[in-house]
Amino acid sequence: MVTNTLRRRAAAAALALFCAGFLSTCDFLTSDIFPSWFSYVEARVDLRSILKAQGLGDLATVEAVEFAYWNQGGIDYSKVLVFAVGNGTNKLILLDPHNLRFIYAETNSVFSRSMASTTIGFLCGKQIMSPINFSLSAAPDWSNPDRVRVFRVGIDPSGTNYSVDPNSSQQGRFEEYPNAWGTSTSSVIRDFDALAGMYNFLDAENVNGYSVLGQRDLYPYMGFASSFASSADFTSSGTVFDKTTIPIPVKTGPFRMDEGLAWLTSGGPVAFVRGNRNTNRLVRYRWGTGDFTNGTQAESVDDIPFEDTDEYRVLSFDASGTWWFVFDRRTGYLYKLRTWWR
Amino acid sequence: MKPSRPPTLASMLLISAAFLPIAEVGAQETPANTELQPLVAVVPVWTTQDAEPFATPLASALLRELAAAGFKTEARSGAQNDTDSDSALAAALSSGAKARWAAVARCEMDGRRLVWRASVYDALDGALIASDSQGAFPGLSALPLLERSAASVAREAWGQRGRVIPGEPLEYRLRFRSRNEGATVAFGTGEGGREAGIIEGGELLAPFTAFRAGEPVVVTVRQDGYWPRTSLFRPGTEDKVLELPRLMPRASRMVSLGISTTRLLGAQAEYRHFLSDDAVFLRAADSLWLQYTFTPGSIPVLHNEVRLGAGAYLFLPRDSRFRMAVMTGFSGILTLTFPGDLADKLYFDATFDAFSLSLEWHTPGTWMFFLEQRYPYSLGLDSGLLARGWVQNDGPPMILTAGVMKRW
């Protein structure tokens, strides 16, 4: 009798431990045959049909997506910007920021992957489109229109524009532009680091200060972010990612990132990290952690799994940390998703 | 004065055999069988001198044929012996050689005719288990006949190699105990079985039957709604109650409830209708689960999958505790999302259940436990979310479902 009771208790305890081990990881609870990010979906649109309807053909590619906030007179003119290429045509497509409904499309040969919300409209390559009447005006003549990153500081439609135009893999031109663009009010060429290291410059946003993000072009291809406290610091001299002289930016990194996919958000840099056997993840890192000098990696805040397939591609994260966008190359749908931490 | 006869081989062996314990017959005990080696000792014996040239070839043939049959053999040197019987010689030979079996190859002359006898004895009880006796002209023509005799005896002995000593007759009536109240108990199987009675109050006192201790007693138990079961007992000399195993219920229907990997926030229910009891079935199952990641930005997505298919149990008998079933079928998955800005809130996917394997543990009651492995193939409908191909997830490559089943 006593032996049977002990056996039952032992079996129950073993089962409880087994279950605890199983359930201790959130992934086991959340693993599903459907895309793991599907519970974050807020809206979707058949983007491929839109591209075909716009004459870009069946083989059109979606190059970049950007959520562009823009308000004037209490009216929200925000849009989701899509840059697509097909049939030799560069096209900027504007979608409704809520339900991704098609709004407008424009063709221009100087459109490129670089898109941003600026003081006077939506930048796409070397053109700026008015959010109100969709008219185009010239942007500065970037040396690297595919890689230039632009952001705005200040409320719409006033404010100031800032840009980082990589003129090589080792340095970029950091500039400040007035509200109406024109000539820059401040301009400096800065080396990315003191070691003449080469970087893949990825992002610049008004989050956590004046922040920039790059990926070191050397194994293990880590990501680095620097956040400058003011516009003066942003356009001051000195290196970008390893600056140790005043003014010293808040440095984040190194951190793991793969496929050149990382973005700046108010909640911290987010990077795509490839794992082994279906364990790819989107990882959010904590601002101001890591050490450039001794290589201590930045601290991870949280992460979510992201399927290891060729079908889904994360295109962008909105700087406010509210939205992110995934394109399904199999079905041609563009998904707008809520971030997992807000 | 007749010269004193030299001590025969048998006599010498018999003397040494006197030191061996006498075999105790009965029950499952065998006479000093732990001391006997599993081999056959072979000895040629001739009654008269002119029969000697044939005794050795007969013994050699016996050695060859017994070895070819599968026995381990040991040759012993022969001698003339016209006094001791073959059984006595065999007993002495076995005890001397510590052999389980003893083979005597005896030849003698009956007038001008050669007569031989090849015999094999079991040392457990001294029983003759194989023999052949023939006669022929004492010439070369007899040799093939000797070979044939040896082959016949070897075959017969090999067939008896597993025999046990018949036990003592049982002096009591067999008593059975069973949890299947009202079950019918019979000795034997099929039409030739003899009814022993019905279980009442959990027990049955069978009529007296002349069984022997240690001998197999085949018992068949039957009851409506259950699969019959045949058991084998070897009752000993001691009167003990024989426990009959519980019968396995027959099922024409089953329901189950389970939980699956990739769907832990949900459950699966299934109904099986058997076309042949506990063998072939049709199944309908429904899984309902929430997709939710327990993070601030996650809004639950509701999935519901309906599966239809067929299956069959394989390999193991219907009353086995452990059973395996393979299944196939199709399923449709409805997905419902809730965000207001999502234009399409309803999605439909279809899969082909190419292969499902269910491992089950059946208790003698109505409850069972199962673990199902499933490998669905998505058809990649435009109305759905899954791509065409084998369904994948972050965990194992198949969907595992575990749960309980109830049958009736």
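This talk covers charged residues in the structure above: salt bridges, a surface patch and one buried glutamate.

Keep in mind that this is a predicted model.

Let's start with the salt bridges. Over all chains, the whole structure holds 32 salt bridges. I'll pick out a few.

Chain A, please. A:R284 and A:D302 pair up through their side chains, with a nitrogen-to-oxygen distance of 2.7 Å. What does this pair tie together? A:R284 sits in strand 22, residues 281-285, and A:D302 sits in strand 23, residues 300-305, so the bridge joins parts that are 18 residues apart in sequence. Is A:R284 buried or exposed? A:R284 is buried, at a relative accessible area of 9%.

Now chain B. Look at B:R106 and B:D86. Their side chains form a salt bridge, N to O at 2.6 Å. Here a strand meets a helix. B:R106 belongs to strand 4, residues 99-110, while B:D86 belongs to helix 3, residues 86-97. The two residues are 20 apart, and the pair links distant parts of the chain. Both B:R106 and B:D86 are buried.

Compare that with another pair in chain B. B:E74 bridges to B:R76, and their closest N and O atoms are 2.5 Å apart. Neither partner is buried here. B:E74 has 25% relative accessibility, so it counts as partly exposed. B:R76 is partly exposed too, at 30%.

Chain B also has a network of salt bridges. Its arginines are B:R263, B:R272, B:R283, B:R307 and B:R374. Its acidic members are B:E270, B:E305, B:D353, B:E360 and B:E372.

Next, the surface. Which residues gather in a patch of positive charge? They are B:R179, B:R229, B:R246 and B:R321. Take B:R229 from that group. B:R229 lies in strand 13, residues 229-233, of chain B. Patch members need over 30% relative accessible area. B:R229 has 31%, so it is partly exposed.

Last stop: A:E205, back in chain A. You'll find A:E205 in strand 16, which covers residues 199-205. This glutamate is buried, with a relative accessible area of 11%. What is in contact with A:E205, beyond its neighbours within four places in sequence? The list is A:E66, A:F151, A:Y210, A:S211, A:L264 and A:A319. One distance to add: the C-alpha atoms of A:E205 and A:A225 are 11 Å apart, and these residues are 20 places apart along the chain.

To recap the two arginines with quoted areas at either end of the talk: A:R284 is buried, and B:R229 is partly exposed. Questions, please.

Notes
Residues are numbered from 1 along each chain as its sequence is written. Chains are lettered from A and ligands numbered from 1 in the order in which they are written. This is a predicted model: local features need pLDDT of at least 70, side-chain atom pairs count only at pLDDT 80 or more; totals for chains, interfaces and linings use all residues. Side-chain values use heavy atoms; hydrogens and water are left out. Patches are made of residues with over 30% relative accessible area and no salt bridge: like charges are joined within 9 Å, nonpolar side chains (Val, Leu, Ile, Met, Phe, Trp, Tyr) within 5 Å. Accessible areas come from the Shrake-Rupley method with a 1.4 Å probe; for residues, only the protein chains shown count as cover. A salt bridge is a side-chain nitrogen of Lys or Arg within 4 Å of a carboxyl oxygen of Asp or Glu. Lys and Arg count as positive and Asp and Glu as negative; His and the chain ends are not counted. The place of a charge is taken as NZ of Lys, CZ of Arg, CG of Asp or CD of Glu. Helices (H or I, at least four residues) and strands (E, at least two) are DSSP runs, numbered from the N terminus. Buried means under 20% relative accessible area, exposed over 50%, partly exposed in between (1.4 Å probe, protein chains only). Contact means heavy atoms within 4.5 Å.
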